[in-house]
Amino acid sequence: RESDHRAWTPVTYTVTRQNATVQGLIQGKAYFFRIAAENIIGMGPFTETTKEILIRDPITVPDRPEDLEVKAVTKNSVTLTWNPPKYNGGSDITMYVLESRLIGKDKFHKVTKEKMLDRKFTVEGLKEGDTYEYRVSACNIVGQGKPSFCTKPITCKDEIAPPTLDLDFRDKLIVRVGEAFSLTGRYSGKPAPKVTWLKDDIVVKEDDRIKIKTTPTTLCLGVLKSVREDTGKYCVTVENSTGSRKGFCQVNVVDRPSPPVGPVIFDEVFKDHMVVSWKPPLDDGGSEITNYIIEKKDTHKDLWMPVTSATVKTTCKIPKLLEGREYQIRIYAENLYGISDPLISDEMKAKDRFRVPDAPEQPIVKDVTKDSALVVWNKPYDGGKPITNYILEKKETMATRWVKATKDPIFPGTKFKVPDLLEGCQYEFRVSAENEIGVGDPSPPSKPIFARDPIAKPSPPVNPEAVDKTKNSVDLSWQPPRHDGNGKIIGYLVEYQKVGDEEWKQANLTADSCPETNYKVTGLTEGLTYKFRVKAVNAAGESDPAHVPDPVEVKDRLEPPELILDANMAREQHIKAGDTLRLSAVIKGVPFPKVTWKKEDHEVSPKADIEVTGVGSKLEIRNTVHEDGGMYSLTVENPAGSKTVSVKVVVLDKPGPPRNLKISDIRSDSCYLTWMEPEDDGGSVITNYVVERKDVASAQWVAISSSSKKRSHMAKYLMEGTQYLFRVAAENQYGRGPYVETLKPIKAIDPLHPPGPPKNLHHVDVDKTEVSLVWNRPDRDGGAEITGYLVEYQEDGADEWTKFQTVPMLDCVVTGL
């Protein structure tokens, strides 16, 4: 039952355990409970709870606090903040416990001493450079809850924050002259940033009008009574060790414009109107000129009359004038901010004042070539009307009639290049000016000119140098000038000067005596040192001199021999037999060396042509043969030394004849040939041998092998009984060498052997002095027909056999016994 009710409410009737869960209770209300036991006889008495029970959730420790953050770090303190736990455990938070752990240690230590409910705490007294991590726990009536997640490790050092900049002004600011303006803003950063103000990239300095004020968090640039010169791009820079921030503002201090720039020009003057022009103001006041105000005044009156106040052009027509009166014009410039002071013109009389243009002054002729000339003149007085055309005329000096140089108009230029002149002819030119009234008088004629290409002095010769010397002369050489001045180079003047003297002496008196780019200066004194210079000469005169770079001491030169080998003097030279062998080299040395060619340290073959010039030597052998190969050497020698080079020459030819040709193993249809390689392979590998045979009765040789690389061959398919000759030649890539031939023919027959012994020898009759013998043919005849049988006898006991006779048949009667 509820504690404030008296009625009991049953919960369940079927509980067999010693516990029960009561549901459907209302949180915050207090209840009493009672319980009775029951058996089949009936229900026993109730037992009641002694005191009321308040229904509420059980109380636990709080959850972990949220969002533990480090707000500031210095070298000896750390400031942290956090949020309360999502659930306080059913009881209000009574305090927070902040703990720290030095990195490297295991345990956390409590930081807060007193009971702390604030969710912000600054840990002080830390050691600079140490690194800590922090956690915080919440406490309620039950106890201390779980700690929050740890912060990242925090090292104690002064906090660094890049600068920030918050400006109160925009990118552009327009200020009237005389007004004040200020540029303000806020900034931050750690360490405290430095604030710098610039105008058009130049540091702003304080004076009576310009004030700069900077606090730890604000900045301000103020300008009092601004002037036009304050216009510019202002920049504020906030900078510390971590970086910088910049803010910009284009300040435009505006004012009324300065007066238009004079003088007022009267472009046209007529009896009833004028056209005037002027130049814009030097200073438009920082704002575009919106219009000009033009007024006129008769000089006899004091009243200025308006002409127009709505033109942006710098020219204006002044109408409604009275002929013969003098007028003044004044002009104001206007922009958004006001009207300038006026520009006032000179006095000008209103009357017609135009006629044909005056005659130009005498024209000047420039840049004459063989077929053209540039005529230049000055603009004459135009007669009051603008010049629209110039008429240029030409004539040959001896002629009387002037001819137009061109039919096309010449304007606005005051020069014209006249084409199509005849080379060598003399011309004069004159000019007339034309306006809308007509053509004026012609100018005086120009000075006469000849139509030919201009000739200028040449440029100096190039790279003069002393190339040789003796005890009384020096050889000079140079290259022609880069520019001949459009005239043919007649020749060169060579000059010399003894070192220490001031006077230059001429080595040749006239340029045409030295038309080439070299010269031998003679008559010098041995042992003295001279300077040299060369000038080029054309019809226009002498060029500037070109100097030999260094002074030259006059004495005989002694240079050891030097060989510059041509490509054919490589270490090994291969040529085909019959071709021409050429060996050559460039030779230097002073005096010129003695040249010696040798082959294998002997004199060169008489068939060799040897040529020696002042710059080199050449050896040439035509129709070379194999024997011309070998080691050739070239020796050059003078008093300063000697030098030798060698080249191996291989003359590639057909090989020599094979050696030691032998025939063996003769049969009725074949024989075996062997030979040795030639002594000379012609300088190239032997590729194959050619074997041929010939019947002694025939004149024709027949090839039996032409590709054998071996030094032997089996000659087959011989005719039995026929006599043959054989020959062999070697081949390489340059051809077939001579044949070696068998000395005597061989006969194609099988080899002969002695026949076997006769068989079955026995006597068929005996007498007192003779015996009749018979026998059978032997098993083998030895390769030839048996021509007879030799019969011998021996007395019993004797050592020697006695020949009786040779018989053709298989029987014999031995007599005389």
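# Close-up views of a predicted model

**View 1. Strands 20 and 21 run side by side in opposite directions.** Strand 20 (residues 232-240) and strand 21 (residues 243-254) are antiparallel and joined by nine bridges. Helices (H or I, at least four residues) and strands (E, at least two) are DSSP runs, numbered from the N terminus, and two strands pair if DSSP finds at least two bridges between them. One bridge to look for links Lys233 with its partner in strand 21, Gln250. This is a predicted model, in which local features need pLDDT of at least 70 and side-chain atom pairs count only at pLDDT 80 or more, while totals for chains, interfaces and linings use all residues. Residues are numbered from 1 along each chain as its sequence is written, and side-chain values use heavy atoms, with hydrogens and water left out.

**View 2. Five strands make an open sheet with mixed pairing.** Reading across this sheet, the strand order is 14-21-20-16-17. Strand 14 (172-176) and strand 17 (202-203) are at the edges with a single partner strand each, so one side of each has no neighbour in the sheet.

**View 3. Here is an open sheet of three strands, paired antiparallel.** Its order is 56-57-60. The edge places belong to strand 56 (659-664) and strand 60 (712-715); each has a single partner strand, so one side of each is left without a neighbour in the sheet. From one strand to the next, the twist averages 15 degrees (axes are lines fitted to C-alpha atoms, for helices over the stretch in contact, and angles run from 0 to 180 degrees between N-to-C directions). Four bridges hold the antiparallel pairing of strand 56 with strand 57 (residues 671-676). Among them, you can pick out Arg659, whose bridge partner in strand 57 is Met676.

**View 4. Strands 2 and 3 form a hairpin.** The two strands pair in the antiparallel sense over four bridges. Ala36 stands opposite Phe46 in strand 3, and Ile35 has Thr47 as its bridge partner there. Four residues lie between the strands of this hairpin, where Gly42 takes a positive phi near 160 degrees. Is strand 2 mostly buried or in the open? Of its five residues, the number buried is zero, so strand 2 lies largely in the open (buried means under 20% relative accessible area, exposed over 50%, and partly exposed in between, with a 1.4 Å probe and protein chains only).

**View 5. The largest pocket has a volume of about 960 Å³.** On a 1 Å grid over the protein atoms alone, a pocket is an open set of points with protein on both sides within 12 Å along at least five of seven lines, whereas a cavity is a set of points where a 1.4 Å probe fits but cannot get out; lining residues have an atom within 4 Å of a point. Grid points are joined across faces, edges and corners, and a volume is the space filled by probe spheres set on the points. The lining of the largest pocket has 31 residues, and Pro10, Val11, Thr12, Arg34 and Ile35 lie nearest the centre. Strand 2 (34-38) and strand 3 (43-48) each supply at least two lining residues, and strand 2 gives the most, with five. Sorted by class, the lining has 17 nonpolar, nine polar and five charged residues (Ala, Val, Leu, Ile, Met, Phe, Trp, Tyr, Cys and Pro count as nonpolar, Asp, Glu, Lys and Arg as charged, and the others, Gly among them, as polar).

**View 6. The second largest pocket holds about 250 Å³ of space.** Its lining includes Pro758, Leu761, Trp775, Glu792 and Trp801. Strand 66 (771-776) and strand 67 (789-793) each supply at least two residues of this lining. Which strand gives the largest share? Strand 67 does, with five residues. By class, the lining divides into ten nonpolar, no polar and one charged.

**View 7. Asn732 is a buried residue with two backbone oxygens in reach of its side chain.** Asn732 belongs to strand 61 (residues 723-732), and its relative accessible area is 6%. Its side chain reaches the backbone oxygen of Asp653 at 2.8 Å. The backbone oxygen of Asp681 lies 2.9 Å from a polar atom of that side chain.

**View 8. Arg452 is exposed, with a relative accessible area of 52%.** Look for Arg452 in the loop between strand 37 (449-450) and strand 38 (462-469).

Key
Polar contact = N/O pair within 3.5 Å; in protein donor to acceptor, adjacent residues only side chain to side chain.
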